[in-house]
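Dear colleague,

Please find below the structure I promised to hand over, followed by an account of what was found in it. I should be grateful if you would read the two side by side.

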Amino acid sequence: AFIIGWFLVSVVFKMQLLGAILDGVMSVGAIALIVIFQNEIRRFFSLIGTRKNWKLIKWLYRVFEIRQNEMENITIMHVVIACKNMARTRSGALIVIANNSDMTDYIQSGEVINSIINSRLIENIFFKNSPLHDGAMIISDKEIIAVGCILPVSQSQEIPKRLGLRHRAALGISEKTDAMAIVISEESGRISVAKNGELLINISAEQLERLLSKQPIE
């Protein structure tokens, strides 16, 4: 109650004289609380180091880690579902999953949207009548950072002639950075992935999920 009164006087109503008095009381009061409750404070800090409390901290850490893993799995599933649906409808798409490399130049070449990852949003962006469907989508830190981005095109002679510009751009970004690029072919509806300068052609949705989860594909 005293803290609320001090806040109203000093911050809300800006009563300078009474506020200055209460500020002094608050400063002295904080020291007084430490002096009065010094035994309790000492006991509190001694309890922090006990095994029982460390178990609590470890439990909280595990809960947080599980929650973070759940969020990553949800993000991966949204991307996989969108790719699976676009492959079925033969909607061409190019999605870049950023890792540690600096993607600033490529992000600035497109439209920055900073949106949450949603399968419906991904499908709408790559809908053939969308003005942004020709560029690349860049995903980083569980967000869609930018769309309609321009990527470097690979000059590799090993790319099959039947593959188009999207596949060359996907391979190009994987050669320049440590990012992973997902390509949906507009002609065949096949899913391909470019990673570490290599192109994996015609993979299944399950294999894509394993790649995004950083698991070896079968």
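In this predicted model, the largest nonpolar core comprises 27 residues. Those with the most contacts inside this core are Ile-95, Ile-122, Met-137, Ile-182 and Leu-208. Eight elements give two or more residues to the core: the helices are H4 (51–89), H6 (119–125) and H8 (205–212), and the strands are S1 (93–97), S3 (136–140), S4 (143–149), S5 (180–184) and S6 (191–195). The most is given by H4, which supplies seven residues.

Ile-95 may serve as an entry point for inspection. Apart from neighbours within four places in sequence, Ile-95 is in contact with Cys-83, Met-86, Ile-122, Phe-126, Met-137, Ile-139, Met-180, Ala-181 and Ile-182. Three of the residues named above for their contacts inside the core, Ile-122, Met-137 and Ile-182, thus appear in the contact list of Ile-95 as well. A second core, separate from the one just described, has 19 residues, among them Ala-136, Leu-151, Ala-169 and Ala-170. As a general remark, nonpolar side chains in soluble globular proteins tend to be buried together.

On cysteines, the count of disulfides is zero. Cys-83 has a relative accessible area of 0% and is therefore buried. Cys-149 also counts as buried, because its relative accessibility is 4%.

Nonpolar residues are found on the surface too. A nonpolar patch there is formed by Ile-4, Phe-7, Leu-8, Val-11, Val-12, Phe-13, Met-15, Leu-17, Leu-18 and Ile-21, and together these residues have about 960 Å² of accessible area. Helix H1 (2–12) and helix H2 (16–36) each contribute at least two residues to the patch, and the largest share, five residues, is that of H1. Met-15 is placed in the loop between H1 and H2. With a relative accessible area of 40%, Met-15 is classed as partly exposed, because that class covers values between 20% and 50%.

Which charged side chains meet in salt bridges? The count comes to two. In one, the side chains of Glu-123 and Arg-120 meet at 3.8 Å, N to O. Both residues belong to helix H6 and are three residues apart, about one turn of the helix. Glu-123 counts as buried, because its relative accessibility is 18%, whereas Arg-120, at 56%, counts as exposed.

In the other, Arg-166 and Glu-186 meet through their side chains at 3.3 Å, N to O. Arg-166 lies in helix H7 (residues 165–176) and Glu-186 in the loop between S5 and S6, so this pair ties together parts that are 20 residues apart in sequence. Arg-166 counts as buried at 17% relative accessibility, while Glu-186 is partly exposed at 36%.

Some totals for the protein complete the account. The secondary structure comes to eight helices and seven strands. Of the 218 residues, 34% are buried. Among contacts with a separation of 6 or more, 55% are between residues 24 or more positions apart. The accessible surface comes to about 14300 Å², and carbon and sulfur atoms account for 58% of that surface.

With kind regards

How values were computed. Residues are numbered from 1 along each chain as its sequence is written. This is a predicted model: local features need pLDDT of at least 70, side-chain atom pairs count only at pLDDT 80 or more; totals for chains, interfaces and linings use all residues. Side-chain values use heavy atoms; hydrogens and water are left out. A disulfide is a pair of cysteine sulfur atoms within 2.5 Å. Buried means under 20% relative accessible area, exposed over 50%, partly exposed in between (1.4 Å probe, protein chains only). A nonpolar core is a set of buried Ala, Val, Leu, Ile, Met, Phe, Trp, Tyr and Cys residues joined through side-chain atoms within 4.5 Å. Helices (H or I, at least four residues) and strands (E, at least two) are DSSP runs, numbered from the N terminus. Contact means heavy atoms within 4.5 Å. Patches are made of residues with over 30% relative accessible area and no salt bridge: like charges are joined within 9 Å, nonpolar side chains (Val, Leu, Ile, Met, Phe, Trp, Tyr) within 5 Å. Accessible areas come from the Shrake-Rupley method with a 1.4 Å probe; for residues, only the protein chains shown count as cover. A salt bridge is a side-chain nitrogen of Lys or Arg within 4 Å of a carboxyl oxygen of Asp or Glu.
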